[in-house]
Amino acid sequence: MNKRHIKDLLYEQVARIGKAVSSPKRLEILELLAQGEKSVDMLAVELSIDIKLASAHLRALREARLVTSRKEGKFVVYRLTGEDVAGLWVTLREVAEEHLVELRVALDQMVAEPSKLLTVDRETLLKRAKRGDVLVIDVRPQPEYDQAHLPFARSMPVDEIANRLAELPKDKEIVAYCRGPFCLFSEEAYQLLSSKGYRVQKLLDGVSEWKAAGLPLATD
């Protein structure tokens with residue numbers, strides 16, 4: 001085997017990863033699975049596509065060894081093959097944010113009001129949450145919180161907040177986070193809580209960003 005053929009083969013294998021993540025829906029699947037295991041049915045609902053198409057996307061990711069699956073009764077449940085795959089998603093997104101003006105504009109439109117965003121760094125937030133100076137709420141679905149969450153965060157799924165307002169203090173700053181910068185759950189939480197007179201800010205980080213930064217996560 002000549003050297004050129006060997007090099008072509010090496011690049012071809014790495015390109016398998018690039019091909020697997022070349023679909024917007026498959027990137028979203030990686031973000032969703034970074035939150036924890038999900039069935040094909042759950043992913044189809046989250047992605048607003050039918051099960052057949054969701055299965056096709058998952059098959060492409062599985063062929064690139066980015067996801068794996070197991071049977072749970074009549075359901076097929078998928079998960080990432082490693083923490084590095086979640087890190088891959090974070091890295092891809094950060095590179096895109098750095099170099100694609102169109103993405104930055106879209107993100108700015110999502111944020112709209114910079115005052116909504118938490119401005120302290122991650123380590124400072126962690127210290128403040130540990131002291132109880134702020135209340136960090138995880139507004140993702142409960143099963144995702146159970147898989148892993150930011151230290152000292154309280155589970156408060158976005159669709160439960162309206163019925164659980166009595167659990168939230170009016171005299172303390174609240175920081176809401178969800179799956180990362182592209183997730184809209186924290187915006188929904190912000191809108192609801194600010195309309196009720198709570199002091200609230202959004203954290204753009206999710207568990208993947210926190211992990212990629214080398215910071216601890218909690219599972220209890």
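Helix axes here are lines fitted to C-alpha atoms over the stretch in contact, and the angle between two of them is taken between their N-to-C directions, from 0 to 180 degrees. Keep in mind as you look around that this is a predicted model.

**Where two helices meet**

Let's start with helix α2 (residues 24-33) and helix α3 (residues 40-47), which pack at an angle of about 120 degrees with their axes 11 Å apart. Roughly perpendicular covers 65 to 115 degrees and roughly antiparallel begins over 145, so the pair is described as oblique. The crossing of α2 and α3 is right-handed. Here are the residues that make this contact:

| Helix | Residues in the contact |
|---|---|
| α2 (residues 24-33) | Lys25, Glu28, Ile29, Leu32 and Leu33 |
| α3 (residues 40-47) | Leu43, Glu46 and Leu47 |

By residue class, the contact of α2 with α3 holds five nonpolar and three charged residues, with no polar ones.

**An enclosed space elsewhere**

Now for the cavities. Two of them reach 30 Å³ or more. What lines the second largest cavity? If you would like to find it in the structure, look for Leu125, Leu126, Ala129, Val136, Leu150, Pro151 and Trp210. Helix α7 (residues 122-131) supplies the largest share of this lining, three residues. The space inside the second largest cavity comes to about 40 Å³. Its lining consists of seven nonpolar residues, with no polar and no charged ones, while the contact of α2 with α3 includes three charged residues.

Definitions and conventions. Residues are numbered from 1 along each chain as its sequence is written. This is a predicted model: local features need pLDDT of at least 70, side-chain atom pairs count only at pLDDT 80 or more; totals for chains, interfaces and linings use all residues. Side-chain values use heavy atoms; hydrogens and water are left out. Helices (H or I, at least four residues) and strands (E, at least two) are DSSP runs, numbered from the N terminus. Angles under 35 degrees count as roughly parallel, over 145 as roughly antiparallel, 65 to 115 as roughly perpendicular and the rest as oblique. A crossing is left-handed if the near helix is turned anticlockwise from the far one by less than a right angle, and right-handed if clockwise. Contact means heavy atoms within 4.5 Å. Ala, Val, Leu, Ile, Met, Phe, Trp, Tyr, Cys and Pro count as nonpolar, Asp, Glu, Lys and Arg as charged, and the others, Gly among them, as polar. On a 1 Å grid over the protein atoms alone, a cavity is a set of points where a 1.4 Å probe fits but cannot get out, and a pocket is an open set with protein on both sides within 12 Å along at least five of seven lines; lining residues have an atom within 4 Å of a point. Grid points are joined across faces, edges and corners, and a volume is the space filled by probe spheres set on the points.
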